[in-house]
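Trainee: I would like a close look at one part of this protein, namely the surroundings of a single loop residue, set against the strands of the whole chain. Please give the definitions as you proceed.

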Amino acid sequence: MTVISVGLSLPAQVVLAQGTTVEANNGSAIILKAGETLAASATSGIPITVKNLPNLGSGNGLAAFDFSFTWDKNVIKVISAFAPAAATSWSITPGTPDNTNGTLRAVGFTTTYSSADVILLYLGITAVGKVGDSTSISVTINDFGDKDAKTIAATSVNTPIKISGANLIS
């Protein structure tokens, strides 16, 4: 008796779930000229955004977050941090940039769930390094949880920053 086995291979459906991230400038590189300042206000600057928030259930908004930002103080200085007017359902304290250590801490909370990406704050920076220097704005998520004290899994995305030369006019 001969047994013939036939295998049917179907293509596997791959679903890439986008997890919650905390990003500066949407993770896109920032290029500044030596000495250039990128100002921050309540509506502009380098956006720090929370993306792809999970559905936490009806009425269960985010309770609290605690993020730290770091950078190379010899390449850039963070000169300001402003909470945008659009984040009215979020209470945000961006703290004061510490350029002697290259750190900034932002804490806050919200009672309103939002499935939209939320810009928490805008950073203003000045390039203090020389042409060719580079760093990144690194985000560390110290705590991020809902009002039932359940941790929200989130990934931080580092944003590269490079100092370029001046424009050649003639």
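Mentor: The account below goes from the whole chain to its strand pairing, and then to two individual residues.

The model is predicted, so local features are reported only at pLDDT of at least 70 and side-chain atom pairs only at pLDDT 80 or more, while totals for chains, interfaces and linings use all residues. Residues are numbered from 1 along each chain as its sequence is written, and side-chain values use heavy atoms, with hydrogens and water left out.

The protein has 0 helices and 12 strands; helices (H or I, at least four residues) and strands (E, at least two) are DSSP runs, numbered from the N terminus. The accessible surface amounts to about 9600 Å², 54% of it belonging to carbon and sulfur atoms; such areas come from the Shrake-Rupley method with a 1.4 Å probe, and for residues only the protein chains shown count as cover. Of the 170 residues, 38% are buried, where buried means under 20% relative accessible area, exposed over 50%, and partly exposed in between (1.4 Å probe, protein chains only). Among contacts (heavy atoms within 4.5 Å) with a separation of 6 or more, 80% link residues 24 or more positions apart.

Strand β5 (residues 62-70) illustrates the pairing, for which DSSP must find at least two bridges between two strands. β5 runs antiparallel to β10 (residues 134-146), joined by 8 bridges, and in this pair A64 stands opposite G145. β5 also pairs with β8 (residues 103-110) in the antiparallel sense over 6 bridges, with D66 having V107 as its bridge partner.

The loop residue of interest is E36, located between β2 (30-33) and β3 (37-38). E36 is partly exposed, because its relative accessible area is 29%. The side chain of E36 reaches the backbone nitrogen of K33 at 2.8 Å, a polar contact (a pair of N or O atoms within 3.5 Å; within protein, one must be able to donate a hydrogen and the other to accept it, and residues adjacent in sequence count only if both atoms are side-chain atoms). Leaving aside neighbours within four places in sequence, E36 is in contact with I31, I125, T126 and A127. The C-alpha atoms of E36 and V128 are separated by 8.2 Å, although their positions lie 92 residues apart along the chain.

For comparison, S80 is placed in strand β6 (residues 76-82). S80 is buried, because its relative accessible area is 13%. Beyond neighbours within four places in sequence, S80 is in contact with A40, P97, Y122, L123 and G124.
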